[in-house]
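I opened my notebook to go through one structure piece by piece. Here is what I looked up, in order.

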Amino acid sequence: MTPITRPDCVRRDDEDPLAGFRREFLLPEGVIYLDGNSLGALPAAAPGRIARTVEHEWGERLIASWNDAGWWDKPRALGAKLAPLVGAAPHEVVVGDGTSANLFKALVAALRLNPERHVVLGEKGNFPTDLYITEGVAEIMGAVERRVDADNRAALAGALAAGDVAVLLLSHVDYRTGALRDMAEITRLAHANGTLVVWDLCHSVGALPIELAGCGVDFAVGCTYKYLNAGPGAPAFVFAAQRHHSAARQPLTGWHGHARPFDFSGEYAPAEGASSFLSGSQPVVAAAALEASLDLWQRVDLRLLREKSVALTELFIEQTRSAGLDLVTPPEPDRRGSQVALRHPEGYPIVQALIARGVVGDFRAPDVLRFGFAPLYLRYADVFDAASALVEVVRSGQWRDPRFAAAKAVT
Ligand SMILES: Cc1ncc(COP(=O)(O)O)c(C=O)c1O
Ligand SMILES: Nc1c(O)cccc1C(=O)C[C@H](N)C(=O)O
């Protein structure tokens, strides 16, 4: 195979149908940002949208904005905008609260829908908040928590076949390895065993097309600050399948999830659709950034996004092969999300040395170097340069410089 050159990559950028989206993000000069799987870049439209919300809607229009600016309905309006990105109907998704809180609500709702069963099946090595929330839910609900290797189909099938699993919680894409799970097949397997499924979409939404309704998923949650670029701590979302709307009962029954909140009634009555998953007042200013981002996402062809994502990850894997690091991410493109994870015992200083050169990836203990590929603002030439930098840092031993072994950063 002829080696790929930088001019080849520049040519691919020239032909890239998604190339124009890069201009819709504000990116620092001289930085190749491969951490959009942790915190996405800033959409150029977001600062203006936030300023309008603050200065006009809040500053001038004050309380009237709950109605006039659509603040009250924002969780539903944003849910409807997000719905096509996850293959759901508009009324099956609401935006609000954080991923952890929504996980809590979805897991309790699922347990209540399957009262004869008492096990919550999670996955070994899932993102810690998923594990901790599951533990908390199990304790409160008098349920039992079990964990399985989500990438071992026989183990998963065996755990489900036990016949006592009320709900299965899995990440669609693993935050550390980047492994993509077969949502359709696993959901089918769970249902065949009488188990409901909650999918965590944090690392797949905005990275690839998702078909929640098509796969028959029961519930799903996800954040909006990674590939969806809504900013740090941006409101999350929750999906509840239409068929569960009448029976599902989430536990944080606040007034924003009430059927008639302005009756100020003393009794709770759930709102229709996924709206019943809302609890209290939502962060309207933060929602403005998400709205700016989702407006941009309405124009994204998810098939092209996935094609480019696969091409970028392929390119990075190919071009870093000579560095000799172990590939943690599945080599088959259809089994990975939009990230590449590599293993090296000195991963931390290697990532720091790369950051010093303007290539921003991250490190996850104990030894994983993670690189996220956001197809809307990354160019093929960026990926080529980042891969060359990694190979050079590893080969030259530059990472041994004592300044790269400094105290570990929080992210
Ligand atoms: C799989 C997964 N779930 C949940 C979260 C975060 O939850 P929260 O948005 O509540 O901090 C993350 C990342 O922070 C994650 O990677
Ligand atoms: N949500 C984060 C935060 O509030 C602080 C720092 C990092 C994050 C992250 O999103 C981490 C990310 N989920 C990960 O996959 O590691």
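**Entry 1: helix 11**

I began with the covering of helix 11, residues 347-356. I should say at once that the model is predicted. Is helix 11 mostly covered or mostly open? I found it mostly covered, with seven of its 10 residues buried. For burial I counted other C-beta atoms within 10 Å of a residue's own, and 20 or more made it buried. The buried ones are G347, Y348, P349, I350, V351, A353 and L354.

Next I asked what covers the buried residues of helix 11. The cover includes three strands and a helix: strand 13 (359-360), strand 14 (362-364), strand 15 (368-372) and helix 12 (380-396). I also noted what follows helix 11: G358 has a positive phi, near 90°.

**Entry 2: the sheet**

I then turned to an open sheet of four strands. I wrote down its order as 11-12-15-14, and the pairing is antiparallel. Which are the edge strands? They are strand 11 (326-327) and strand 14, and each pairs on one side only. As a reminder to myself, strands of a sheet pair through backbone hydrogen bonds.

I looked closer at strand 11 and its partner, strand 12 (residues 339-343). Two bridges join this antiparallel pair. Within it, D326 stands opposite R343 of strand 12.

What lies across strand 11, strand 12 and strand 15? I found helix 10 there, residues 302-320. Helix 10 runs at about 25° to strand 12.

**Entry 3: the two domains**

I checked the domain assignment of the chain. It gives domain 1 as 6-30 + 301-405, and domain 2 as 48-297. Their C-alpha centres lie 29 Å apart. The contact takes 18 residues from domain 1 and 13 residues from domain 2.

Which elements each supply at least two residues of the side of domain 1 that touches domain 2? Helix 10 and strand 12 do. Helix 10 gives the most, with four residues. I sorted that side of domain 1 by class and got seven nonpolar, five polar and six charged residues.

**Entry 4: ligand 1**

Last, I looked at the shell around ligand 1. How many residues surround ligand 1? I counted 13, and the closest are G98, T99, S100, F127 and C202. Helix 5 (99-113) and helix 6 (128-141) each supply at least two residues of this shell. By class, the shell divides into five nonpolar, six polar and two charged residues.

Methods
Residues are numbered from 1 along each chain as its sequence is written. Chains are lettered from A and ligands numbered from 1 in the order in which they are written. This is a predicted model: local features need pLDDT of at least 70, side-chain atom pairs count only at pLDDT 80 or more; totals for chains, interfaces and linings use all residues. A residue is buried if 20 or more other C-beta atoms lie within 10 Å of its own, exposed if 12 or fewer, and partly exposed in between; C-beta atoms are placed from the backbone. Two residues are in contact if their C-beta atoms, placed from the backbone, lie within 7 Å. Two strands pair if DSSP finds at least two bridges between them. Axes are lines fitted to C-alpha atoms, for helices over the stretch in contact, and angles run from 0 to 180 degrees between N-to-C directions. A residue is near a molecule or strand if its C-beta atom, placed from the backbone, lies within 6 Å of it. Ala, Val, Leu, Ile, Met, Phe, Trp, Tyr, Cys and Pro count as nonpolar, Asp, Glu, Lys and Arg as charged, and the others, Gly among them, as polar. Domain bounds come from an automatic or database domain assignment.
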